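Q: I'm new to this structure and would like a close look at one part of it. Could you walk me through a place where two helices meet, and then through what lies around it?

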Amino acid sequence: MSSPRIAPGTFRQLGPFNWVFSKGAARVIGVSDAHIFSTLGRAKGLFHGWLHYSSRMMPFGKLSRHSTELIIIRTAHLRACEYELDHHKRLGRRAGIDEAEFSRILQGPEAGWTGLDEVLLRGVDELVGTKDLSDLAWKELAEHLDERELIEFVLLVGQYDSLATTIGTLRIERDF
């Protein structure tokens, strides 16, 4: 990846709230700068809206944390977004996803999954690949999820698909 198209912001460029949020997130992550937040934070109020929207699905969504991380990791993998994979490998561990399960998520729905996990992975693959869900995929998801969870599933995949586009287009550097 080439150098960032928009550099991470300074206190002056981010403003007090975005700067404090970005620094706090970096501390929690264990890095000197959480580039996603210090870059997107330059958008000021748009960043606040994005944080609110995103947090309604992760970590405060109706889907379980395990299911949410499974969905995010698979989406990030399909989009080849190493930045998202770095962070959600760590966050996935907190949700009970060990190294072996992480590797299986990357392999996809044919890697010995059953039940809800298999249906979620198939749904992610189809939604990322076609930007739609077939009637069969929808029916399978609806056997496990209620209406609110179905909406959340579609929005969550879309959010992380879009975030992968944003990270790639802005050339946001990985946090090490």
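**Where two helices meet**

A: In helix 8, Leu120, Gly123, Val124, Leu127 and Val128 come into contact with Phe153, Val154 and Val157 of helix 10. Sorted by class, this contact between helix 8 and helix 10 holds seven nonpolar residues, one polar residue and no charged ones. Please keep in mind that the model you are looking at is predicted.

Now for the way the two helices lie. Helix 8 covers residues 115-130 and helix 10 covers residues 147-170. They pack at an angle of about 55°, and their axes are 10 Å apart. An angle of 65 to 115 degrees would count as roughly perpendicular, and one under 35 degrees as roughly parallel; helix 8 and helix 10 are therefore oblique to each other. The crossing in which helix 8 passes helix 10 is right-handed.

Helix 10 also takes us to another feature, the largest pocket, since helix 10 supplies at least two residues of its lining. So do helix 2 (16-29), helix 3 (35-40), helix 4 (45-55) and helix 6 (82-94). Helix 6 gives the largest share of that lining, with seven residues.

The largest pocket holds about 630 Å³ of space. It is lined by 26 residues, and those closest to its centre are Phe21, Phe37, Met58, Leu91 and Tyr160. By class, the lining of the largest pocket has 15 nonpolar, seven polar and four charged residues. Charged residues are thus part of the pocket lining, while the contact of helix 8 with helix 10 has none.

Definitions and conventions. Residues numbered from 1 in each chain as written. Predicted model: local features only at pLDDT ≥ 70, side-chain atom pairs only at ≥ 80, totals over all residues. Heavy atoms only, no water. Axes fitted to C-alpha atoms, helices over the stretch in contact; angles between N-to-C directions. Helix = DSSP H or I, 4+ residues; strand = E, 2+ residues; numbered from the N terminus. Parallel < 35°, antiparallel > 145°, perpendicular 65-115°, else oblique. Left-handed = near helix turned anticlockwise from the far one by under 90°. Contact = heavy atoms within 4.5 Å. Nonpolar A, V, L, I, M, F, W, Y, C, P; charged D, E, K, R; others polar. 1 Å grid on protein atoms, 1.4 Å probe; cavity = no way out; pocket = protein on both sides within 12 Å on 5 of 7 lines; lining within 4 Å. Points joined across faces, edges and corners; volume = space filled by probe spheres on them.
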